[in-house]
Amino acid sequence: MVLLLCVTLALANRAPVTLALWPDTVSAFLGFGYSLTLPLFVIVGGAAGIGLVLGLVWEWLRERGNRTEAAKLRRENSQLRAEAPRAPAADTARTKPRDQVLAILDDSDGAR
């Protein structure tokens, strides 16, 4: 749907548009100027693309503090897990059945 909209917009805006670096009076005063003639849909699409990329870079830089804080917390978490003593897994499995079916099976083994 978006592709169809973009193609329709491009076909409706094929007229050439001239982009100039400076207005004509400033170009005449400075003695140089640069201009480029492109279809309107290329200019609009290029502006949207540049805006998208700049927004993504801006957001990535803005979130840098959150990413460094998360990395620090992950390192601290792994250090604490490495230092913590390990609890025996077999004892917890006997005292706490995982679900009702396993509890019934464990009870029936003890009744025999």
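**Exercise 1. The nonpolar patch**

Task: In this predicted model, state which residues form the nonpolar patch on the surface and which element gives the largest share.

Solution.
- Step 1. List the members. The patch consists of L19, L21, W22, V26, F29, L30, F32, Y34 and L36.
- Step 2. Take the area. Together these residues have about 930 Å² of accessible area.
- Step 3. Assign the largest share. Helix α2 supplies it, with 3 residues.
- Step 4. Test one member. L30 sits in helix α2. Its relative accessible area is 41%, so L30 is partly exposed. Patch residues need over 30% relative accessible area, so L30 clears that cut-off.

**Exercise 2. A serine in helix α2**

Task: Decide whether S27 is buried or exposed, and find its contacts beyond four places in sequence.

Solution.
- Step 1. Locate the residue. S27 belongs to helix α2, which spans residues 24-30.
- Step 2. Apply the cut-off. Buried means under 20% relative accessible area. S27 has 17%, so S27 is buried.
- Step 3. Find the contacts. With neighbours within four places in sequence left aside, S27 contacts W22, F32 and G33.
- Step 4. Link back to the patch. W22 and F32 are among the residues of the nonpolar patch.
- Step 5. Set S27 against the chain. Buried residues make up 3% of the 112 residues in the protein chain.

**Exercise 3. A serine in strand β2**

Task: Place S35 in the fold and identify what S35 touches.

Solution.
- Step 1. Locate the residue. S35 lies in strand β2, residues 35-39.
- Step 2. Classify the exposure. At 46% relative accessible area, S35 is partly exposed.
- Step 3. List the contacts. Not counting residues up to four places away in sequence, S35 touches T18, L19 and A20.
- Step 4. Check one pair. S35 and L19 are 16 residues apart in sequence. Their C-alpha atoms are 5.4 Å apart in space.

**Exercise 4. The salt-bridge network**

Task: Work out which residues the salt bridges of R62 join.

Solution.
- Step 1. Take the count. The model has 2 salt bridges.
- Step 2. Examine the pair R62 and E59. Their side chains meet at 2.5 Å, N to O. Both residues are in helix α3 (residues 40-62), 3 residues apart, so about one helical turn separates them.
- Step 3. Compare exposure. R62 is exposed, at 51% relative accessibility. E59 is partly exposed, at 34%.
- Step 4. Examine the pair R62 and E63. The closest N and O atoms are 3.0 Å apart. E63 has a relative accessible area of 24%, so E63 is partly exposed.
- Step 5. Join the pairs. Shared partners link E59, R62 and E63 into one network.

**Exercise 5. The chain and its confidence**

Task: Describe the chain as a whole, then say which element has the lowest mean pLDDT and which the highest.

Solution.
- Step 1. Count the elements. The chain has 6 helices and 2 strands. Along the sequence they run α-β-α-β-α-α-α-α.
- Step 2. Look at contact range. Take contacts between residues at least 6 apart in sequence: 29% join residues at least 24 apart.
- Step 3. Look at the surface. The chain exposes about 10300 Å², and carbon and sulfur atoms supply 66% of it.
- Step 4. Take the overall confidence. The mean pLDDT is 84, and 86% of the residues score at least 70.
- Step 5. Rank the elements. Helix α5 (residues 89-95) has the lowest mean pLDDT, 55. Helix α3 has the highest, 94.
- Step 6. Draw the consequence. Predicted coordinates should not be read in detail where pLDDT is low.

Definitions and conventions
Residues numbered from 1 in each chain as written. Predicted model: local features only at pLDDT ≥ 70, side-chain atom pairs only at ≥ 80, totals over all residues. Heavy atoms only, no water. Helix = DSSP H or I, 4+ residues; strand = E, 2+ residues; numbered from the N terminus. Buried < 20%, exposed > 50% of the residue type's maximum accessible area, 1.4 Å probe, protein only. Contact = heavy atoms within 4.5 Å. Areas by Shrake-Rupley, 256 points an atom, 1.4 Å probe, with all protein chains shown as cover. Salt bridge = Lys/Arg side-chain N within 4 Å of Asp/Glu carboxyl O. Patch = residues over 30% accessible without salt bridge, like charges linked within 9 Å, V, L, I, M, F, W, Y side chains within 5 Å. pLDDT = per-residue confidence, 0-100.
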